[in-house]
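Reader: Hi! I'm new to reading structures. Could you walk me through this one?
Author: Happy to! Let's open it up and go piece by piece.

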Amino acid sequence: MNKTGSVIGISGPVVRAAINFPVRMFEIVHAGRESLLGEVIRIRSGAADIQVYEETSGMRVGEPVVFSGELLSVELGPGLLGSVLDGIGRPLARLREEGIYIGRGANIGTLDESREWNFSPQAGLGDTIRPGETLGTLPEGTRILHKVLLPPNSLPGRIDWIAPPGEMKLREPVCRFEDGREITLSHRWEVRRSRPFASRLPFNRPLMTGQRILDTLFPMALGGAAVIPGGFGTGKTVTQQSLAKWCNADVIVYIGCGERGNEMTEVLEEFPTLMDPYHNIPLMERMVLVANTSNMPVAAREASIYLGMTIAEFYRDMGYAVAIMADSTSRWAEALREIGGRLEEMPGEEGYPAYLGTRLAQYYERAGRITTLGKAGQEGSISVINAVSPPGGDFSEPVTQSSLRLSGTFWALDKSLAQQRHFPAINWQNSYTLYDESLAGMFAEKLGEEWSRLRLFLSETLSQEKSLLELVQLVGRDGLSEQDKWTLNLSELFRVVYLQQNAFDNIDAFCSLAKMKGLLETLRALDVFVSERLKEGLIFEQFSEIPLRAGLLRLRGTPDTDFPEFAARWLDETKESLDRIEVVVR
Amino acid sequence: MNLYREGYGSVKGIVGPLLLVSGVREAGFGERVLIETPDGLRTGQVLQVDGDLCAIQVFEGTMGLHSGGTTVWLERDIVRIPVGISLLGRVLDGRGRPVDGTPLAFVEKTIPVNGLPLNPVARTSPNAFVETGISTIDLMNTLVRGQKLPIFSGAGLPANRLAAQIVRQASVPGKETSFVVVFAAIGITAREAGYFLDDFEKTGALNNGVFFINLASDSAVERLLTPRMALSVAEYFAFEKGYDVLVVMTDMLHYCEALREISAAREEVPGRRGFPGYMYSDLASLYERAGCVHGCAGSITQIPIITMPDDDMTHPVVDLSGYITEGQIVLDRNLHDRGIYPPVNVLPSLSRLMNKGIGKGRTVPEHRAMADQLYAAYARARELERLKLIVGEEGLSPLEHRYIRFGSAFERQFVNQGESRRDLLASLEESWKSLAVLPVSELYRLPDDLVSSRMARGKDD
């Protein structure tokens with residue numbers, strides 16, 4: 001039975017209701033005449049404080065507040081892929097039918113009930129099915145095989161009847177157990193509760209991103225967590241979108257959390273036209289977008305990351321590798337701060353509530369590489385890639401620091417690199433990865449032992465550059481040895497050719513591991529050859545006219561199939577022109 | 001209509017711009033109130049309701065407000081503004097009342113000033129190039145129709161002059177009609193407002209725009225209303241009447257300071273530099289009211305002006321704005337001091353939507369490459385300038401000297417265009433001229449064939 005209280009106070013998105021009955025923490029309520037959706041966030045002395053997911057202006061004291069008794073949940077089932085939801089799971093495309101603005105009190109289900117799915121049963125009569133085990137499958141898009149599992153919150157049962165292969169709608173029963181329970185294609189799950197799994201697996205598979213600097217220097221593990229902090233204009237969103245486009249996860253959940261409306265539009269317009277490089281299907285087919293732009297209600301922003309995580313867990317449970325990206329965690333934390341402020345809570349650091357770290361941990365710890373429930377436990381994973389927008393680009397602020405504690409990879413974006421239009425503006429001195437060692441074996445297997453030496457060559461050149469540049473500041477460029485001048489030149493080549501990557505170029509946007517290795521090998525061969533000639537007495541200025549950079553950039557732009565041949569030819573040509581220069585003894 | 005009016009006389013307190021009234025029944029959040037005092041009427045808005053206690057922000061300020069003999073009448077409606085095509089050419093005060101006293105003719109309807117969030121699915125990506133006639137913007141930080149691109153300025157820097165120049169010159173190539181200008185002056189001085197209105201009058205923009213003027217001497221609380229009214233009017237013209245609207249809001253720093261004033265009066269927990277924790281959401285509710293919509297010819301392009309206190313780009317107002325807007329045009333004191341106008345420092349400037357509006361079929365194919373080339377070369381030049389201070393002239397190689405020469409040619413010729421209007425081709429021409437200082441091998445961001453054909457032409461000249 002529904003219980004009804006009445007509004008006694010309103011302050012922005014927080015509404016206080018008088019109650020004379022027990023209510024649950026985080027219970028869903030419908031507040032006011034317009035029945036705005038909200039959630040109980042504090043219960044105190046005969047009143048419940050409610051965060052309302054929609055704009056409250058015009059709400060009056062005395063209006064009814066209906067308590068539902070249930071927690072915020074989302075309907076999970078086929079049809080999520082390719083959809084765009086708001087922070088509380090309403091499909092924006094269907095809200096659009098009501099006008100260009102998002103009105104209030106609209107109540108639309110997450111999934112389309114009328115759509116038909118081609119179900120094929122995978123279990124037989126008399127089979128005992130435990131939670132997380134497969135009842136049947138249906139194709140969702142061209143590549144993802146959607147598995148209909150017994151929801152983790154149900155009891156095991158023996159199949160009395162199962163639907164034959166054919167078209168099914170969302171709410172039609174696909175199976176009946178002997179105890180009379182019917183299972184449909186969809187079920188609801190409370191978004192703040194993590195879905196169970198059997199066990200955790202080690203971080204020894206990489207999440208490939210196709211971004212040279214990330215895959216080479218700071219690789220991330222499947223099931224790991226990465227943080228991308230950066231001030232505005234450093235390219236957080238472009239980097240995240242590149243990752244969403246090119247990483248090798250099966251399913252991507254992209255949460256636009258308190259960011260720009262036009263950015264979501266860009267994703268919506270661009271992704272359906274792009275092809276997934278691994279499977280050659282439109283990228284949109286593996287995406288779920290949660291869009292809660294900065295001007296949409298604050299409380300829904302707080303809920304949006306849990307919604308996204310629940311959807312990610314749903315596909316993980318089917319045995320897929322899921323990547324979840326939230327842009328940006330800072331906006332989410334600010335939503336917490338705003339609501340905390342309205343509740344007049346005692347603030348912690350920089351006004352953020354004291355429970356910021358705990359809440360963040362609850363989110364990050366839902367990531368991981370796991371074995372799913374059921375007797376044929378499969379491998380599934382959720383990798384978290386979160387952008388953080390530190391105020392003033394200062395990484396010491398609480399959201400960045402709390403995120404760092406919980407993640408294994410730190411991709412620091414750098415304002416000065418961004419100003420030089422060096423993109424992705426990831427600072428190679430500040431960034432780090434903790435998955436290095438656990439992934440080393442896999443990289444060696446894929447690319448040979450050589451790979452770790454090539455990486456070392458790259459990182460050593462870059463660190464030498466740093467100390468050489470300091471030296472130049474003291475003694476000037478002429479004070480350097482010929483070999484040092486070349487090292488500086490080489491590291492510049494690394495920056496321009498290898499570390500920079502053009503996200504808007506058709507070929508360069510994605511770089512395969514083979515090509516990364518090829519490029520590094522080419523650069524090392526060049527280094528070996530040049531260093532030898534320098535030893536013979538060649539002066540650096542003598543070959544500074546050779547257009548190494550332009551040649552390497554062209555090389556970088558060649559398609560994978562032609563790359564080895566081009567690389568070999570370019571190297572030969574360059575060696576020849578170097579050989580032509582005569583050593584002048586001074 | 002209301003047959004009776006609800007009035008309450010029990011004033012509990014007056015705190016800063018807030019009036020606290022108790023005993024109010026069924027007060028509505030965000031609703032409008034009329035405050036009757038012995039010496040006249042004032043207006044206000046309900047800011048918080050707690051039981052029968054209401055916090056009301058008074059738009060006229062609380063100076064002289066009496067705690068006894070004051071009656072608060074509930075209007076039972078949220079704040080709205082009358083709109084109609086006859087608004088064009090009108091100058092209104094910060095609360096939307098005509099300053100000349102002549103009432104608005106032909107009001108079509110009244111709309112809430114708060115607006116509603118645009119559905120992201122209903123938006124289309126802004127992708128039409130806007131030619132502002134300013135080289136540093138058009139070529140390197142392109143403005144597109146439906147973008148929100150603020151100008152970050154410092155005290156004494158000519159942001160207003162630049163904004164007025166943009167209003168004067170902006171056009172979408174290939175489109176006949178010019179922008180409808182919606183101008184919101186927020187807490188600026190009478191002199192600044194006069195400058196804008198004079199300029200608009202001279203150029204004729206005055207007849208094709210709506211102007212909201214909240215002066216520094218007007219009530220601070222009113223400043224919270226001014227941009228919202230302006231944007232509601234802009235939305236009406238853009239999405240209902242199909243006009244391209246250019247909204248200039250100056251100065252957002254004053255808006256945020258008003259926000260802080262109210263927040264302090266409500267004894268809220270302050271965030272950075274005393275600004276309230278919800279300032280990001282609040283600013284977003286303004287800036288996000290820009291864009292283009294599916295199936296609608298109109299658009300809203302925003303140019304907010306934000307003064308950076310002490311030229312500090314990490315100041316919360318500037319910082320949060322930067323996170324919401326789609327780029328920024330940054331003015332530089334050093335350039336200004338050297339007499340360069342417009343003193344746009346291109347390095348920290350950025351237009352996030354640039355790539356959407358440029359390139360083949362929109363502007364020129366080499367647009368992106370040219371911008372990248374200029375950025376890379378200018379960044380290098382600035383870095384070498386610094387190095388020169390340390391190691392001296394002799395410490396630099398001949399190539400490095402050429403870079404420094406490029407830097408100064410770029411600033412003196414390309415950036416320093418003055419009040420003239422350069423179309424995109426003229427800007428491109430200027431960029432080639434400054435790049436001519438560098439050897440061809442350094443122009444690696446530009447397509448080879450283009451560079452060689454250009455060099456061949458250069459020799460013919």
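Author: Let's start inside one chain: the C-alpha centres of domain 1 and domain 3 of chain A lie 31 Å apart. Keep in mind that this is a predicted model.
Reader: Okay! How many residues does each of those two domains of chain A bring to the contact?
Author: Domain 1 of chain A gives 14 residues, and domain 3 of chain A gives 11 residues.
Reader: And how much area do domain 1 and domain 3 of chain A bury between them?
Author: About 940 Å², with 65% of it on carbon and sulfur atoms. On the side of domain 1 that touches domain 3, the elements giving two or more residues are β4 (36-44) and β5 (47-52) of chain A.
Reader: What classes of residue are on that side of domain 1 of chain A?
Author: There are six nonpolar, three polar and five charged residues on it.
Reader: How many salt bridges are there across that interface between domain 1 and domain 3 of chain A?
Author: The rule finds zero salt bridges there. For polar contacts, the count between these two domains of chain A is three residue pairs, both partners at pLDDT 80 or more.
Reader: Cool. Where do the domains of chain A start and end?
Author: The assignment gives domain 1 (3-71), domain 2 (112-185), domain 3 (202-434) and domain 4 (448-580).
Reader: Switching topic: how many residues are in contact between chain B and chain A?
Author: 77 residues of chain B touch 72 residues of chain A. The area buried between the two chains is about 6,200 Å², and carbon and sulfur atoms give 52% of that.
Reader: How many salt bridges does the rule find between chain B and chain A?
Author: Four. One of the salt bridges in the model joins A:Arg60 to B:Glu31, with the closest N and O atoms 2.8 Å apart. The side of chain B that touches chain A has 34 nonpolar, 22 polar and 21 charged residues.
Reader: Which strands pair between chain A and chain B?
Author: One such pair is β1 (residues 3-11) of chain A with β5 (residues 40-50) of chain B, antiparallel over two bridges. Within β5(B), B:Val49 is the residue opposite A:Ile10.
Reader: Last one! What order do the strands take in the open sheet of chain A?
Author: That four-stranded sheet runs β10-β13-β15-β16, with antiparallel pairing. Its edge strands are β10 (128-129) and β16 (182-184), each pairing on one side only. Two bridges join β10(A) to β13 (residues 157-162) of chain A, and A:Thr128 sits opposite A:Arg158 in β13(A).

Methods
Residues are numbered from 1 along each chain as its sequence is written. Chains are lettered from A and ligands numbered from 1 in the order in which they are written. This is a predicted model: local features need pLDDT of at least 70, side-chain atom pairs count only at pLDDT 80 or more; totals for chains, interfaces and linings use all residues. Side-chain values use heavy atoms; hydrogens and water are left out. Two strands pair if DSSP finds at least two bridges between them. Contact means heavy atoms within 4.5 Å. Buried area is the accessible area (1.4 Å probe) that two parts lose on being put together, summed over both. A salt bridge is a side-chain nitrogen of Lys or Arg within 4 Å of a carboxyl oxygen of Asp or Glu. Ala, Val, Leu, Ile, Met, Phe, Trp, Tyr, Cys and Pro count as nonpolar, Asp, Glu, Lys and Arg as charged, and the others, Gly among them, as polar. Domain bounds come from an automatic or database domain assignment. A polar contact is a pair of N or O atoms within 3.5 Å; within protein, one must be able to donate a hydrogen and the other to accept it, and residues adjacent in sequence count only if both atoms are side-chain atoms.
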